[in-house]
Amino acid sequence: MINYNNLMPTPNLNYISIAFCLNSYYTSLTYVSMTSILNSKDCNTYISFYLIIPRTFEDKNIGLLNSLYYQYDCFNITFIRMDEKYKKAFVSRYITTQAYYRFSLGELIPYLNKIIYLDCDTICFKDLTNFYNLNFKGKMILGQVIITNNNKKN
């Protein structure tokens, strides 16, 4: 586990934990998604990103994601390298090994009460605090699909 902190948390912030499961192919998409989250967050929101990556994830990709520290504050990134746990899982063109990583979030990050899992191609347009504060009804992970239709006729 690699953790890079650029700000020690303070009591007056809203804390949000967000997980992504990715491989090297999805690094640029994750970078854009994280950028949209950081651009949209309120100044009193602190984001903890948990990036679940394969053992073979390249250092240059870690460098790209860490470059966000030069542009933003009030967040940290924790990289968690997976072993070969899902090596024999069914994979296809649409389902990667990394898609199974989300099933391990509870054991990988057991000290969290809850976390938002987002796909790597998610774009956020507003602060996620209200979403994070939804009642998880005893569950650790919450996912929601929000579909917008920009082709509506006025």
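Which residues does Ile-53 touch, not counting residues up to four places away in sequence? In this predicted model, Ile-53 touches Leu-22, Ile-62, Phe-79, Ile-80, Arg-81, Met-82 and Tyr-101. One of these, Met-82, is 29 residues from Ile-53 in sequence, yet the two C-alpha atoms are 6.0 Å apart in space. The relative accessible area of Ile-53 is 0%, and since the cut-off for buried is under 20%, Ile-53 counts as buried.

Ile-53 belongs to strand β3, which spans residues 45–54. In β3, 10 of the 10 residues are buried, so the strand is largely enclosed by the rest of the structure. In a regular strand, side chains alternate between the two faces of the sheet. In β3, Thr-45, Ile-47, Phe-49, Leu-51 and Ile-53 point one way, while Tyr-46, Ser-48, Tyr-50, Ile-52 and Pro-54 point the other way; all are buried.

Strand β3 has pairing partners in β2 and β4. With β2 (residues 14–21), β3 pairs in the parallel sense over eight bridges, and Ala-19 is placed opposite Tyr-50 of β3. Between these strands the chain passes through helix α1 (residues 27–40), in a β-α-β crossover that is right-handed.

The pairing with β4 (residues 75–82) is also parallel, with eight bridges joining β4 to β3. Here Pro-54 stands opposite Met-82 of β4, and Met-82 is among the residues that Ile-53 touches. Helix α2 (residues 59–66) joins β3 and β4 in making a right-handed β-α-β unit.

Technical notes. Residues numbered from 1 in each chain as written. Predicted model: local features only at pLDDT ≥ 70, side-chain atom pairs only at ≥ 80, totals over all residues. Heavy atoms only, no water. Helix = DSSP H or I, 4+ residues; strand = E, 2+ residues; numbered from the N terminus. Buried < 20%, exposed > 50% of the residue type's maximum accessible area, 1.4 Å probe, protein only. Contact = heavy atoms within 4.5 Å. Pairing = 2+ DSSP bridges. Right-handed = clockwise from strand over helix to strand, strands pointing away.
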